[in-house]
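Please load the model in the viewer and keep the selection panel at hand. The tour moves from one selection to the next.

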Amino acid sequence: MTGCKLVIWDLNEDGLEAVGKEIRSIGGTVYCYKCNLCDKNEIRETAKKVKEEAGEISLLINNAGIVTGRKFMDCTDEAIVATFDVNSMSHFWTIREFLPEMRKRNHGHIVGIASIAGLVGLVGAVDYCASKFAVVGLMESLRRELLSSGVNGIQFTTVCPSIITTGMFEGVKFRFPKLVGFAYLTPEYAAAKIVDAIEKNQVILAMPRGAYFAVALQHILPTNVTDLLLKFLGADDAMKTFIGRKEKNPEM
């Protein structure tokens, strides 16, 4: 991906500027835009600026995410809406802004960062899991919709990582993380695997590799057996020790 022009969005202006500065320091070209992904009108206006200043986008990576870390009935209405706005709905709004030109040229690549929790339910993260399941469904159904209409030049990659050590899921613990597919991944490892998957036009990337096995078991084994297995591996209690980033910076 050498020579790419980068466009990055973030709500955190300080973080945005720090990343932009780092990219420029190694000779990269980057455009930085502050954008609240909970606001579809702001997404629309920011996309308009991008097209005017940076040009059309050929690779779209939807990476923003938040997590409440609360059980279903403990989540406020506002927290549930925010989770879906950032984790799911923002994918719809950004894709709708940049897909038309990709479709016109029959060329482009859309990447959706979902989660293993978008394939397997996790106790204490119902809103988060539901929002990530939505991303998986969006990416798969849109991919098939475009193919069925003869648009075969737009690639889709859905990324389902386990816990990446950015602090977002700080405190979450599994009894045997590697066995259940919820191993802890460094940001550098995750980024390298995602770039590799994009270059190979890989449709689904799950990390670590054992996550594929965990998901397969869920569809092969009887539900009660899967429930007992996940309970034994500590999945039902993992979120009880959740700390997260709290008020420091809820966005990835």
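Select Gly-150, which follows helix H4 and has a positive phi, near 90 degrees. The coordinates throughout are those of a predicted model.

Now step back to helix H4 itself, residues 126-148. What separation of its end C-alpha atoms should its 23 residues give? At 1.5 Å a residue the expected span is 33 Å, and the end C-alpha atoms are indeed 33 Å apart, in agreement. Colour the buried residues of H4, among them Tyr-128, Cys-129, Val-135, Leu-138, Met-139, Leu-142 and Leu-146. Asp-127, Ser-131 and Lys-132 also belong to the buried set of H4. The cover over these buried residues includes H3, strand E4 (108-113) and strand E5 (154-161).

While H4 is displayed, show the side chains of Glu-140 and Arg-143, which form a salt bridge with closest N and O atoms 3.0 Å apart. The two residues are 3 apart in helix H4, that is, separated by about one helical turn. An α-helix has 3.6 residues a turn, so residues three or four places apart point the same way. Glu-140 is partly exposed, at 30% relative accessibility.

Next, select His-109 in strand E4. Is this residue buried or exposed? With a relative accessibility of 7%, His-109 is buried. Its side chain makes a polar contact of 2.8 Å with the side chain of Thr-157. Beyond neighbours within four places in sequence, the contacts of His-109 include Ser-58, Leu-59, Leu-60, Met-102 and Phe-156, as well as Ile-198 and Asn-201.

Follow that polar contact to Thr-157, in strand E5. Thr-157 has a relative accessible area of 0% and is therefore buried, since the cut-off for that class is under 20%. A polar atom of the Thr-157 side chain also lies 2.7 Å from the backbone oxygen of Gln-202. Expanding the selection around Thr-157, again without neighbours within four places in sequence, brings in contacts including Ile-110, Val-111, Gly-112, Met-139, Ala-197 and Val-203. Met-139 in this list is one of the buried residues of H4.

Move on to Asn-201, already met as a contact of His-109. Asn-201 is found in the loop between helix H6 (187-199) and E8. What is the sign of phi at Asn-201? It is positive, about 55 degrees, although the residue is not a glycine. Asn-201 is partly exposed, at 36% relative accessibility. Asn-106, in the loop between H3 and E4, likewise has a positive phi, of about 50 degrees, and is not a glycine. Its relative accessible area is 31%, which makes Asn-106 partly exposed.

Continue to Pro-208, in the loop between strand E8 (204-207) and helix H7 (210-220). The peptide bond from Met-207 to Pro-208 is cis, with omega near -5 degrees. Most residues other than glycine have a negative phi, and most peptide bonds are trans.

The remaining salt bridges deserve a pass of their own; the count for the model comes to 8. Select Lys-34 and Glu-13, whose closest N and O atoms are 3.7 Å apart. Lys-34 lies in strand E2 (residues 29-34) and Glu-13 in helix H1 (residues 13-25), so this pair ties together parts that are 21 residues apart in sequence. Both ends are partly exposed: Lys-34 has a relative accessible area of 42%, and Glu-13 has 48%. Asp-196 and Lys-200 form another salt bridge, at 3.1 Å between the closest N and O atoms. Here Asp-196 is partly exposed at 29%, whereas Lys-200 is exposed at 57%. Arg-44, Lys-51 and Glu-97 can be selected together, being linked in a network of salt bridges.

Then select Cys-35, in the loop between E2 and helix H2 (40-53). Cys-35 is buried, with a relative accessible area of 1%. Apart from residues up to four places away in sequence, Cys-35 touches Trp-9, Asp-10, Leu-11, Glu-42, Ile-43 and Thr-46.

Finally, switch to a surface view and select Phe-72, Met-73 and Val-126, which make a nonpolar surface patch of about 350 Å². Met-73 sits in the loop between strand E3 (59-62) and helix H3 (77-105) and is exposed, with a relative accessible area of 70%.

Terms used:
Residues numbered from 1 in each chain as written. Predicted model: local features only at pLDDT ≥ 70, side-chain atom pairs only at ≥ 80, totals over all residues. Heavy atoms only, no water. Patch = residues over 30% accessible without salt bridge, like charges linked within 9 Å, V, L, I, M, F, W, Y side chains within 5 Å. Areas by Shrake-Rupley, 256 points an atom, 1.4 Å probe, with all protein chains shown as cover. Salt bridge = Lys/Arg side-chain N within 4 Å of Asp/Glu carboxyl O. Helix = DSSP H or I, 4+ residues; strand = E, 2+ residues; numbered from the N terminus. Buried < 20%, exposed > 50% of the residue type's maximum accessible area, 1.4 Å probe, protein only. Expected span 1.5 Å × (residues − 1). Contact = heavy atoms within 4.5 Å. Polar contact = N/O pair within 3.5 Å; in protein donor to acceptor, adjacent residues only side chain to side chain.
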